[in-house]
Amino acid sequence: MTRRGVFLSFEGIDGSGKSTQARALAESLRSRGHHVTLTREPGGSEGAEQIRRLVLEGDPDRWSAMTELLLFTAARRDHLEKTILPALEAGGIVISDRFADSTRMYQGLRGGLSEQTDLLHRTMIGTEPDMTFLIDIDPALGLARARTRGGEQRFEDMGLPLQQAMRDGFLQLAQAGRFRVIDGGRDADAVAADVLAAALAHLDSA
Ligand code: ADP
Ligand code: TYD
């Protein structure tokens, strides 16, 4: 199967503005005539959305860390098969709000399952985005934004020291060439302008 399209992802700590930026980029690229599939993880396909509910709703102690890693990976596999790869094969642009880097950070770094995370990724997923935007913000700001939202709280109740460790972990991952680190601590339009410029530069060179 050939991958003709372009796969972009957004990563960052909770409340960094990933979803806002993913939506803004999708709109900007559509207005320029591109075919864009805007999707998210966990979720992004019917089966993966069902798994999302299993993982994010209900008793937080329902699953062991290892089972949770398997569920996130199963959701990603379905998302890849049903949504991402077909859109890329059709030559479109896929924008995913989170992808495998989130598992590397949340289950790998925070959950202490780095080895298992890497093994599962290699054997079950085996795909990376062409470009990943790391929306980088001070965790105090991210936490404040996340709290104003309500909704799923279990992953957002980590507290500042853990969010700081996650931010550092994301910045470490972002040494890889596919990343663009964007300062997310500014107003949303300024962040979006930087994201769009980097995306257009990538599309021009693709
Ligand atoms: P994430 O997907 O990273 O958790 P969201 O995009 O959902 O973040 O944003 C979290 C909250 O912060 C939302 O209420 C959103 O409206 C707000 N927000 C997003 N980007 C900015 C920004 N640049 N400045 C101020 N508030 C923002
Ligand atoms: P999301 O809805 O993107 O939350 P937010 O908007 O706060 O960033 O994701 C829900 C939670 O799932 C988030 O706290 C991160 C977590 N998560 C993992 O632990 N592992 C994963 O592989 C993914 C994709 C998400």
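These legends go with close-up views of a predicted model.

**View 1. Meet the residues around ligand 1.** Twelve residues surround ligand 1, and those that come nearest are G15, K18, S19, T20 and R186. What classes of residue make up the shell around ligand 1? Sorted by class, the shell has five charged, five polar and two nonpolar residues.

**View 2. Two helices help to form the shell around ligand 1.** Helix α1 spans residues 18-31 and helix α6 spans residues 139-149, and each supplies at least two residues of the shell. Which helix gives the largest share? That is α1, with three residues of the shell around ligand 1.

**View 3. Backbone atoms meet ligand 1.** Look for G15 here: a polar atom of its backbone is 2.9 Å from an oxygen atom of ligand 1. G17 also has a polar backbone atom 2.9 Å from an oxygen atom of ligand 1. At A188, a backbone N or O atom lies 3.2 Å from a nitrogen atom of the ligand. Ligand 1 taken alone exposes 560 Å², and the protein buries 72% of that area.

**View 4. A look at R104 in helix α4.** You will find R104 in α4, the helix that covers residues 100-110. Is R104 buried or exposed? R104 counts as buried because its relative accessibility is 17%, and buried means under 20%.

**View 5. The contacts of R104.** Which residues does R104 touch, apart from its neighbours within four places in sequence? R104 is in contact with L109, T117, D118, H121, E128, L173 and R178.

Note on methods: Residues numbered from 1 in each chain as written. Chains lettered and ligands numbered in written order. Predicted model: local features only at pLDDT ≥ 70, side-chain atom pairs only at ≥ 80, totals over all residues. Heavy atoms only, no water. Helix = DSSP H or I, 4+ residues; strand = E, 2+ residues; numbered from the N terminus. Buried < 20%, exposed > 50% of the residue type's maximum accessible area, 1.4 Å probe, protein only. Contact = heavy atoms within 4.5 Å. Near = heavy atom within 4 Å. Polar contact = N/O pair within 3.5 Å; in protein donor to acceptor, adjacent residues only side chain to side chain. Areas by Shrake-Rupley, 256 points an atom, 1.4 Å probe, with all protein chains shown as cover. Nonpolar A, V, L, I, M, F, W, Y, C, P; charged D, E, K, R; others polar.
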